[in-house]
Amino acid sequence: MMQNVHLAPETDEDDLYSGYNDYNPTYDTEELENDTAFQQAVRTSHGRRPPDGVTRPMTAVRAAGFTKGALRGSAFDPLGQSWGPAPALEARSEDSPEEKIRQLEKKVNELVEESCIANSCGDLKLALEKAKDAGRKERVLVRQREQVTRPENINLDLTYSVLFNLASQYSANEMYAEALNTYQVIVKNKMFSNAGRLKVNMGNIYLKQRNYSKAIKFYRMALDQIPSVHKEMRIKIMQNIGVTFIKTGQYSDAISSFEHIMGMAPNLKAGFNLILSYFAIGDREKMKKSFQKLIAVPLEIDEDDKYISPSDDPHTNLVIEAIKNDHLRQMERERKAMAEKYIMTAAKLIAPVIETSFAVGYDWCVEVVKASQYVELANDLEINKAITYLRQKDFNQAVETLKMFEKKDSRVKSAAATNLSFLYYLENEFAQASSYADLAVNSDRYNPSALTNKGNTVFANGDYEKAAEFYKEALRNDCSCTEALYNIGLTYKKLNRLDEALDCFLKLHAILRNSAQVLYQIANVYELMEDPSQAMEWLMQLISVVPTDSRALSKLGGLYDSEGDKSQAFQYYYESYRYFPSNIEVIEWLGAYYIDTQFCEKAIQYFERASLIQPTQVKWQLMVASCFRRSGNYQKALDTYKDIHRKFPENVECLRFLVRLCTDIGLKEVQEYATKLKRLEKMKEIREQRIKSGRDSSGCPRGRRDGSAGSDSGQNCSAGSKGERLSAQLRALPGTDEPYESSSNKEPDASYVDPLGPQIERPKTAAKKRMEEDDFADEELGDDLLPE
């Protein structure tokens with residue numbers, strides 16, 4: 001394509017210079033006022049100056065206070081003080097859309113802040129309500145802003161904050177479906193930068209729901225969206241992935257994650273989880289290496305020497321005193337305690353499996369710990385070794401291991417002596433227990449466990465006042481020592497200081513809210529204080545904690561029975577029997593209850609069970625036979641009495657029942673049973689005469705046949721009272737409410753009294769009551785009158 005080219009005319013240098021020289025005007029600045037052409041040009045210029053005589057106003061310097069009046073001699077006023085007060089500001093219109101939007105945005109921010117504060121205070125429900133309210137108002141704000149301004153002017157940061165807070169509160173309230181939906185709204189919105197990181201939170205929710213596959217998926221998605229420069233965050237996500245693999249049993253994948261973490265940025269949790277993974281697959285060598293890696297993790301805390309003043313400078317001492325227990329120091333202590341906990345737990349876990357025996361494994365762990373920064377943990381591992389011996393019931397090895405610490409430093413010596421004292425106390429060797437308790441207390445006077453053990457040994461010897469002093473001292477050293485507080489409550493019970501005992505147990509209940517032992521002690525103290533309503537209330541709390549405790553149920557049933565509420569008493573006694581059907585007292589009460597309510601056939605099963613539990617007690621079988629007779633089953637009653645007679649041929653009551661029933665029914669065996677009854681009556685009369693003659697001769701009960709003293713040999717007795725006590729003892733036989741008199745010339749008495757009585761109100765029979773009221777020993781009746 002052709003282009004137009006403009007050519008300049010050819011000229012030479014002389015022509016150019018000559019043209020320049022021809023145009024050479026001369027300007028005279030002094031004569032400009034007289035130059036008519038110049039003045040005309042000025043008047044007709046772009047500025048359009050006004051005609052002569054009109055002055056242009058000066059506005060450029062007016063802000064600094066220079067005015068035309070100042071030129072005419074007025075005062076200089078740069079601050080404008082002569083102008084008077086400034087006019088009032090115009091009131092902002094609250095009805096304007098911009099102002100409404102501004103106020104609504106402020107309200108949304110306040111609601112988000114209140115929601116966060118409520119969450120930090122533990123009020124999760126209120127936090128969720130505030131978050132929902134903030135979400136509703138934020139949506140109204142977006143609609144109003146869209147009506148006034150363009151969509152790109154919407155405050156995305158506020159929207160993100162509201163949605164994120166709402167999702168967090170849903171998760172805190174365990175509303176996981178709603179939390180996941182809210183997180184999805186944030187993640188899918190491309191306008192939110194770095195929203196992909198929230199997939200970590202979604203993975204955490206799936207982990208709580210035990211949906212491990214989805215949890216791993218979201219963790220990996222979050223890991224892909226986080227750049228490598230954020231090293232710490234990537235390590236934490238990988239740690240979550242490893243923990244999830246452990247929960248799914250994929251230990252090889254978990255090991256890969258934790259090995260990578262320990263290679264890049266080792267930390268205590270990853271090291272401990274790595275040991276767990278190798279323990280799960282049983283790799284002994286890897287467990288050892290992982291334990292060494294765990295111990296090698298740097299704590300990054302200052303040494304204790306930093307907090308010791310090197311000089312007597314008061315300013316330095318003041319600074320050290322200020323930082324000795326500040327938040328940073330507390331954080332360092334917590335980190336060190338956590339490290340020691342991980343190491344101790346890992347050592348106790350792997351010691352039994354890394355070597356041929358747990359003792360060798362413990363020795364290896366101790367050697368590794370001694371060569372690290374945790375030298376003081378070696379002694380604790382040795383004590384744990386002794387405790388492991390205890391769990392294996394190898395008391396000799398445990399004692400031998402603990403005795404090795406007698407020459408150690410005071411803290412370790414005190415801990416070992418405390419355990420030794422506890423061991424000897426369990427074996428009822430109170431002298432040795434007291435000796436080692438003294439050693440523990442002397443080694444560390446501020447050891448609450450040592451003081452508690454010392455109090456226990458004194459308590460076992462019956463010196464309750466002194467035991468209480470040791471428990472009080474333990475509480476002064478450590479007010480959270482629950483063992484000392486519980487024991488001092490028991491001590492006050494022994495001393496009959498019930499108010500103080502109750503105060504101790506109530507304090508303990510505030511610490512251990514669901515302790516069954518504490519709840520039972522409180523109920524027992526109220527029972528001793530004769531406050532059954534409070535005792536029943538605390539027993540109800542106890543049953544809510546341990547609903548299958550048969551003793552607590554029977555105790556509650558007994559309290560209701562004493563208050564006259566038979567229906568409630570039956571309910572709790574029956575529940576107690578259902579959980580423990582071998583309690584004789586409960587069986588007695590249930591049998592008596594059915595007899596009172598005229599359901600003798602239902603009482604039979606309870607008395608039969610009692611006869612199985614105590615087969616040598618004839619009264620249970622007599623009660624079974626009486627129940628059959630009362631229910632009208634005379635043949636079954638007769639068979640039962642015959643079976644009782646075969647087992648207890650010298651039982652007089654059984655023979656009386658047999659004589660009476662055979663007479664009523666018209667059986668031929670009546671003469672046989674009458675002869676046996678007469679023979680037993682003669683034997684009883686002879687026995688009674690022997691006892692009476694022995695009392696008359698000595699004035700005191702005779703000893704047993706073997707020459708030993710009777711059960712009441714230590715008590716005073718009066719002449720002539722022995723016969724009365726013997727009569728009472730004979731009346732104590734089942735069903736005998738009248739004194740039995742026998743004579744060789746009399747016909748055998750076939751009369752009887754029902755062993756169940758006309759109505760049994762209490763499970764304790766009349767015989768049992770008399771046995772308790774009378775202190776006569778069963779042995780004094782002789783072997784020939786008692787059932788085998």
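The following exchange asks why certain descriptive terms apply to parts of this predicted model.

User: What kind of model is this, and how are its residues numbered?

Analyst: The model is predicted, so local features need pLDDT of at least 70 and side-chain atom pairs count only at pLDDT 80 or more, while totals for chains, interfaces and linings use all residues. Residues are numbered from 1 along each chain as its sequence is written, and side-chain values use heavy atoms, with hydrogens and water left out.

User: How many helices and strands does the protein have, and what makes a stretch count as one or the other?

Analyst: The protein has 36 helices and zero strands, where helices (H or I, at least four residues) and strands (E, at least two) are DSSP runs, numbered from the N terminus.

User: What share of the protein is buried, and how much area does the protein expose?

Analyst: Of the 788 residues in the protein, 38% are buried, a term that means under 20% relative accessible area, with exposed meaning over 50% and partly exposed in between (1.4 Å probe, protein chains only). The protein exposes about 47,000 Å², of which carbon and sulfur atoms supply 50%, and these areas come from the Shrake-Rupley method with a 1.4 Å probe, only the protein chains shown counting as cover for residues.

User: Why are α4 and α5 called roughly parallel or roughly antiparallel?

Analyst: The axes of helix α4 (residues 97–120) and helix α5 (residues 124–148) come within 8 Å and cross at roughly 160°. Axes are lines fitted to C-alpha atoms, for helices over the stretch in contact, and angles run from 0 to 180 degrees between N-to-C directions. Angles under 35 degrees count as roughly parallel, over 145 as roughly antiparallel, 65 to 115 as roughly perpendicular and the rest as oblique, and α4 and α5 are therefore roughly antiparallel to each other. In the contact of α4 with α5 there are 15 nonpolar, three polar and ten charged residues, with Ala, Val, Leu, Ile, Met, Phe, Trp, Tyr, Cys and Pro counted as nonpolar, Asp, Glu, Lys and Arg as charged, and the others, Gly among them, as polar.

User: What is the handedness of the crossing of α4 with α5, and what makes a crossing left-handed or right-handed?

Analyst: α4 passes α5 in a left-handed crossing; a crossing is left-handed if the near helix is turned anticlockwise from the far one by less than a right angle, and right-handed if clockwise.

User: How do you know whether α4 and α6 are roughly parallel or roughly antiparallel?

Analyst: α4 and α6 pack at an angle of about 25°, with their axes 11 Å apart, and, set against the limit of 35 degrees, they are therefore roughly parallel to each other. The crossing of α4 with α6 is left-handed. E105, V108, N109, V112, S115, C116 and N119 in α4 meet L158, V162, N165, Q169 and A172 in α6, and the residues of this contact divide into six nonpolar, five polar and one charged.

User: Why are α26 and α27 described as they are, and which residues make their contact?

Analyst: Helix α26 (residues 532–545) and helix α27 (residues 550–562) pack at an angle of about 155° with their axes 10 Å apart, and they are therefore roughly antiparallel to each other. The contact is made by A535, M536, L539, M540, L542 and I543 of α26 and A552, L553, K555, L556, L559 and Y560 of α27, and by class it has eleven nonpolar, no polar and one charged.

User: Is E473 buried or exposed, and which residues does E473 contact?

Analyst: E473 lies in helix α22 (residues 464–477) and is buried, because its relative accessible area is 15%. Leaving aside its neighbours within four places in sequence, E473 is in contact with R445 and L451, where contact means heavy atoms within 4.5 Å.

User: Why do R210 and N428 count as buried or exposed?

Analyst: R210, in the loop between α8 (199–208) and α9 (212–225), counts as exposed because its relative accessibility is 66%, and its phi is near 65°, a positive value in a residue other than glycine. N428, in the loop between α19 (410–426) and α20 (430–443), counts as exposed because its relative accessibility is 56%, and N428 has a positive phi of about 60° although it is not a glycine.
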